[in-house]
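Grab a pencil and keep the 3D view open. Below are some short exercises, each with a worked solution.

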Amino acid sequence: MTDRDVFEYALLRVVPRVERGECFNAGVVVYCRARSFVAARTHLDERKLAALDPAADVTGVRAALHAVEGVCLGGEDAGQAAGDDAGRRFRWLIAPRSTVVQPGPVHTGLTADPEAEVERLLDLLVR
């Protein structure tokens, strides 16, 4: 018997100039259905952003990343997704889009602590 649950995660990528396709990781979204858990953590490396696009809108990129965190939290910060369950919010966040902040592919794993998993993945894949 195990006390670990399946979780899914997707990286958040910053693509400052979509036509060039260059990107870097700036966050992670983690969802664990068994625990009705969804959370995002972000970290914007402004030097990487400036290297890919010196004219990038840092404030706009930061706001887009913050919005993802707000959708995960639910409530007023989630906007139209405020009444959705954790799974629906996760699926909405990982839907493909052609904006400056884009979700990467979904990966899976096992965890006993989804909250710790968010921090671990952020440290491992973003910072």
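Before you start, one definition: buried means under 20% relative accessible area, exposed means over 50%, and partly exposed is in between (1.4 Å probe, protein chains only). You're working with a predicted model, where local features need pLDDT of at least 70, side-chain atom pairs count only at pLDDT 80 or more, and totals for chains, interfaces and linings use all residues. Residues are numbered from 1 along each chain as its sequence is written, and side-chain values use heavy atoms, with hydrogens and water left out.

**Exercise 1. Salt bridges**

Task: Find the salt-bridge partners of E22, D84 and R127, and say how exposed each residue is.

Solution:
- Step 1: get the rule straight. A salt bridge is a side-chain nitrogen of Lys or Arg within 4 Å of a carboxyl oxygen of Asp or Glu. Side chains of opposite charge can pair when their charged atoms come close.
- Step 2: start with E22. Its partner is R20, with the closest N and O atoms 3.0 Å apart. E22 is partly exposed at 30% relative accessibility, and R20 is partly exposed at 43%.
- Step 3: move to D84. Its side chain meets that of R88 at 3.6 Å, N to O. D84 is partly exposed, at 24%, while R88 counts as exposed, at 54%.
- Step 4: finish with R127. Here the partner is D123, at 2.6 Å from N to O. R127 is exposed because its relative accessible area is 53%, and D123 is partly exposed at 43%.
- Step 5: look for a network. R41, E115 and E119 are joined into one by salt bridges that share partners. Over the whole structure, a search finds 10 salt bridges.

**Exercise 2. A buried arginine**

Task: R89 is buried, so work out what surrounds its side chain, given the cut-off for buried.

Solution:
- Step 1: place R89. You'll find R89 in helix 3 (residues 86-93). Helices (H or I, at least four residues) and strands (E, at least two) are DSSP runs, numbered from the N terminus.
- Step 2: look for a partner of opposite charge. Lys and Arg count as positive and Asp and Glu as negative; His and the chain ends are not counted. R89 has no salt bridge, and the nearest side chain of opposite charge is D85, 6.3 Å away.
- Step 3: check the backbone. A polar atom of the R89 side chain lies 2.6 Å from the backbone oxygen of D84.
- Step 4: list the contacts (heavy atoms within 4.5 Å). Not counting residues up to four places away in sequence, R89 touches V38, V71, C72, G74, A81 and D84.

**Exercise 3. Two residues of helix 4**

Task: Which residues do P114 and L122 touch, leaving aside those up to four places away in sequence?

Solution:
- Step 1: P114 lies in helix 4 (residues 114-125), and so does L122.
- Step 2: P114 is buried, at 5% relative accessibility. L122 is also buried, at 1%.
- Step 3: P114 touches V30, C32, R35 and F37. L122 is in contact with G27, V28, R41, T42, H43 and R127.
- Step 4: compare chain and space. P114 and A40 are 74 residues apart in sequence and 11 Å apart in space, C-alpha to C-alpha.

**Exercise 4. An odd phi**

Task: What is the phi of S36, and where does S36 sit?

Solution:
- Step 1: recall the usual case. Most residues other than glycine have a negative phi.
- Step 2: S36 isn't a glycine, yet its phi is positive, about 50°.
- Step 3: S36 sits in the loop between strand 2 (24-32) and strand 3 (37-42). S36 is exposed, with a relative accessible area of 58%.

**Exercise 5. A glutamine in a strand**

Task: Is Q102 buried or exposed, and which backbone oxygen does its side chain reach?

Solution:
- Step 1: Q102 is found in strand 4. With a relative accessible area of 18%, Q102 is buried.
- Step 2: the side chain of Q102 reaches the backbone oxygen of T99 at 3.0 Å.
- Step 3: beyond four places in sequence, Q102 touches L11, L12, R13, V15, V18 and R97.

Notes. A polar contact is a pair of N or O atoms within 3.5 Å; within protein, one must be able to donate a hydrogen and the other to accept it, and residues adjacent in sequence count only if both atoms are side-chain atoms.
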